[in-house]
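Student: I would like to go through this structure with you and ask, for each label we use, what justifies it.

Tutor: Then let us take the labels in turn and set each value against its cut-off.

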Amino acid sequence: MTSLTDLTLADARDGLRAKKFSAAELARAHVDAMIAARPLNAFITETPVIAKAMADESDKRIARGDARPLEGLPLAIKDLFCTKGVRTTAASHILEPFVPTYESTVTQKLWDAGAVMLGKVNLDEFAMGSSNETSYFGPVENPWRKPGDNRSRVPGGSSGGSAAAVSARFALAATGTDTGGSIRQPAAFCGIVGIKPTYGRCSRWGIVAFASSLDQAGPMTRTVKDAAIMLRSMCGFDPKDSTSVDMAVPDFEKALTGNIKGLKVGIPEEYRIDGMPKEIESIWTKGAEWLKAAGAILKPVKLPLTKYALPTYYIVAPAECSSNLARYDGVRFGLREKGEDLTAMYEGTRGAGFGREVRRRILIGTYVLSAGYYDAYYLKAQRVRALIAADFANAFKEVDVLLAPTAPSSAFARGEKTADPIAMYLNDVFTVPASLAGLPGISVPAGLSADGLPLGLQLIGRAYDEETVLRTAGVLEQAAQFTARPQTWWKQ
Amino acid sequence: MTAPTPALLKGATGDWELIIGLEVHAQVTSNSKLFSGASTEFGAEPNTQVSLIDAGFPGMLPVINGFVVEQAVRTGLGLNAQINLRSVFDRKNYFYPDLPAGYQISQYKQPIVGEGIVTVDLPDGSVREVGIERLHLEQDAGKSLHDQHPKLTYVDLNRAGVALMEIVSKPDLRSGEEAGAYVKKLRAILRYLGTCDGNMEQGSLRCDVNVSVRKPGAALGTRCEIKNVNSVRFLQQAVDFESRRQIEELEAGRAIKQETRLYDANTGETRTMRSKEEAHDYRYFPDPDLLPLELTPDYVARIKATLPELPDAKRARLESDLAIAPYQARVLVMEKESADYFEAFVAAVQKRTGKAPQDIGQDCANVVVTELFGALNKDSKSIESSPISPTALAGLQALKMDGTVSGPTAKKVFEEMYATGKDASAIVEEKGLKQVSDSGALEAMVDKVIADNPKQVEQYRGGKETVITFFVGQLMKLSRGTANPAMVTELLKKKLAK
């Protein structure tokens, strides 16, 4: 029998139901792996006691034939989801002592579906970053390294802890959140699957906000099927989130028919950017060929405003964040630095509480919303955003799904881009457009770079058409036969 | 309607015209807050009516309170205003400890209600139409308590997130008195609509006042905004002080600086709070947590169908259907409770006497406005705490109308009722105040009065007919007010003519 931590979510589910092993055993195996993997710094807060209690409850349910969809399956939760009674930090010093009295809607749905919590995983501070290097709790290591090179690679971000935990097999799956690529890019960097559903599918209630009009939760898993299973339990209308959609949640697993005959797949020419590494281009071509071989019809499509997506995103997201993060003021919860007067207390608290990248984005956001600059920046960005969405809508008149790379490179070395924010932001170039348009996007591992690091391919679908995205992703996955896995160097 | 006739202020260099616009913050009558389910009840222990949303906890999201939207639409309709079927909530960003999220959710560019009109009754009896610029919904902030500790500030978030309607007038007001009349009228309309209790002491209705002065016909002057004005009296004081201050500044050759000023109720003065340079940059932008508010014409029509009769309509009806004089009609409709009392009173009188409303309206109005309001005012009592109910007062009115008691006696009975809360007929019975209309009994009294006052009889017969009032007075005295005055006059004339 394969080790319990090597099982997919689907196999673990089936194994539990067939009583091949218990939920307690499954949880124990993952807790042990989690402890062994501490060098990766993936967890901010481990919750083995909770995991045990939840697994015991699951075993009782399984014994009486009352198993729920995710019964007994151990998950890692991005530390951006508020968890009742369990510290929730957003990887920030300012929330370091914060223990919510409430549970986010998405995690509550997962627990209601029987899932088991392993702990809270690391991320870029307030989900702002593409490398997990901005966390107050230190960077996460990518489990993948270039063979023969001991240098640390970044796991991507902001859901870097989630990606590392799933990739290194100490969580069956994890929750992530994606604002401009924070699920898809780390999934690509760590060789796993990550889907950002359509904006509005998952409730944002109880998720620490970064940029409200973009933030969306989604699953990070090792297979497309696992993503489909987990996504179903995460989605659904929530009256507590005015932007959540009141729509039936499909059985996404059933969409994985493997049949994409006649499906029209768009290849957006504008994603072929200057200076894109050859290997990215070739994996993209390969992906297109796989889909074609499976019966899809390839069509070049135009998304002319693609080049404006990144600057638009880096106006809209900081603008919202500058306002969303105003509540961290030392008055009611979290960190408070003493000050002689109110202003000194504010400045001390926010200066000490927020890291450099968060402060940078608050400043950018404050600037673009300021009197005299609002029209030139924020308002213009909103208009461009609407045009980008229209671009996609036009493309989807001709095709059913779009295929593109997830990121312009494989996982880069730690520290490689920290000195140059623009270079770091460029990492989001392929993921940001779908975020701005609110469309579903998935990253599927498609192969290895020349350096032996994972490369991902991205599929973008119509709004609320996660089923086509998942079905196509399943075909890609099948064709790619991505079986490589990171070497467990952290166990030595 | 009259165009603004400027009540000019005299200055050393001639006349000045005063231009006033008001921003009224009216707390929406609603059990829960604008974006959370927390209670809005006044006077609770600090921080006991605060949800996680109101306290700005991480991951909390606002959800619009549908009833508050309905109240805002109702108010807009009551102000004869445009209802905007699409409105947008924006964030107004600034830091303050009693503003938990670091922003106030308000409506900036696209308010729920657009232009409207309020008809204001001025003290001289004239009316003036005052334009409404807009009405928008927004959250109230919490309260900073600076007096609880020598060094620390305490924060009470009970009020944080409570729904307010900001009602912005056009700069159509020309004196403190007019501004006061406008607030009174606005308050009456809100109370009739049931959308704001109008309680200024509890802060349910607060005003910011924009004041500027100019030479008549000149371009608008620089304005100052006065904050923290929370009574009609203070409003007039603040306007008077501020206009005089501005005129003095200008006449001394100094310019008015655009600034926010604070009214100090203790001194009656205004003082600089912050200059234009220190004004916040609120960085308004649409709140991404909330979708634009979309209403349907049907929805608005349904609310319109349930609007109550408002003061102006009620006053017109009182004048036309009940034949009540304009002055009294105006007084009667000023407060919803007074109007309700009056209408219940008229209905009860009608029921007892079977008379038509137009035949009893004016008399009823006289009783309520003169007697009842007079007595209540003397005791600083509100109509709700009147010791005489509308039905009890109708009992007295019926006795008066069927001749059981005379007018003067009715006044006495009223006083007794007011003091003791007793029934009119019981008082009349107890004190033997029934009007004497028996001609035999009256004749005897008339004879006595004539016999007792020969000098006056001589005067009367000598052609001084006004002396008749003397005889009537004597007779009323003799009968302790119970004599039917009409019959007495008749009899006296007959006997004195002999």
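Tutor: In this predicted model, chain A and chain B bury about 2800 Å² between them, and 59% of that area lies on carbon and sulfur atoms. On the side of chain A, the three residues A:Ser242, A:Arg327 and A:Arg332 supply 22% of the area buried against chain B, more than any other three residues.

Student: How many residues of chain A and of chain B are in contact?

Tutor: Contact requires heavy atoms within 4.5 Å, and by that criterion 39 residues of chain A are in contact with 30 residues of chain B.

Student: What makes the pair B:Asp289 and A:Arg204 a salt bridge?

Tutor: The closest N and O atoms of B:Asp289 and A:Arg204 are 3.1 Å apart, and the definition asks for a side-chain nitrogen of Lys or Arg within 4 Å of a carboxyl oxygen of Asp or Glu, so the pair qualifies. The count between chain A and chain B is 1 salt bridge, while a search of the whole structure, over all chains, finds 65. A:Arg204 and B:Asp289 also belong to a network of salt bridges that links them with A:Asp241, B:Arg91 and B:Asp287.

Student: How many residue pairs are in polar contact across the interface of chain A and chain B, and which helices of chain A each supply at least two residues to the side that touches chain B?

Tutor: The rule finds 16 residue pairs in polar contact across that interface, both partners being at pLDDT 80 or more. The helices of chain A that each supply at least two residues to the side touching chain B are α9 (306-324), α10 (342-353) and α11 (356-369). The largest share, 5 residues, comes from α9(A). By class, this side of chain A has 20 nonpolar, 11 polar and 8 charged residues.

Student: Why is chain A called as compact as a globular protein of its length?

Tutor: Chain A has 15 helices and 11 strands. Its radius of gyration is 21 Å, and the globule rule gives 23 Å for 492 residues; the two values are close, so chain A is as compact as a globular protein of that length. Along its principal axes the C-alpha trace of chain A spans about 65 × 50 × 50 Å, and buried residues make up 65% of the 492 residues. Among contacts in chain A between residues at least 6 apart in sequence, 77% join residues at least 24 apart.

Student: Why is A:Arg28 classed as it is, buried or exposed?

Tutor: A:Arg28, found in helix α2 (residues 23-36) of chain A, has a relative accessible area of 54%; exposed means over 50%, so A:Arg28 is exposed. The C-alpha atoms of A:Arg28 and A:Pro74 are separated by 9.5 Å, although the two residues are 46 apart along the chain.

Student: How do you know that B:Arg174 and B:Glu17 meet in a salt bridge, and are B:Arg174 and B:Glu17 buried or exposed?

Tutor: The N to O distance between the side chains of B:Arg174 and B:Glu17 is 2.9 Å, which is within 4 Å, so the pair is a salt bridge. The pair links distant parts of the chain, with B:Arg174 in the loop between β10 (163-169) and α2 (176-193) of chain B and B:Glu17 in strand β2 (residues 14-27) of chain B, 157 residues apart. Buried means under 20% relative accessible area; B:Arg174 is at 8% and therefore counts as buried, and B:Glu17, at 5%, is buried as well.

Student: And how are B:Glu335 and B:Arg187 classed?

Tutor: The side chains of B:Glu335 and B:Arg187 meet in a salt bridge at 3.1 Å, N to O. B:Glu335 lies in the loop between α6 (326-333) and α7 (336-353) of chain B and B:Arg187 in helix α2 of chain B, so the pair ties together parts that are 148 residues apart in sequence. B:Glu335, at 29% relative accessibility, counts as partly exposed, and B:Arg187, at 21%, also counts as partly exposed.

Student: What makes α6(B) largely enclosed by the rest of the structure?

Tutor: In α6(B), 6 of the 8 residues are buried, so the helix is largely enclosed by the rest of the structure. Among the elements that cover these buried residues are β6 (116-121), α2, α5 (311-321), α7 and α8 (357-378) of chain B.

Technical notes: Residues numbered from 1 in each chain as written. Chains lettered and ligands numbered in written order. Predicted model: local features only at pLDDT ≥ 70, side-chain atom pairs only at ≥ 80, totals over all residues. Heavy atoms only, no water. Buried area = accessible area lost by both parts, 1.4 Å probe. Polar contact = N/O pair within 3.5 Å; in protein donor to acceptor, adjacent residues only side chain to side chain. Helix = DSSP H or I, 4+ residues; strand = E, 2+ residues; numbered from the N terminus. Nonpolar A, V, L, I, M, F, W, Y, C, P; charged D, E, K, R; others polar. Rg over C-alpha atoms; globule rule 2.2 N^0.38 Å. Buried < 20%, exposed > 50% of the residue type's maximum accessible area, 1.4 Å probe, protein only.
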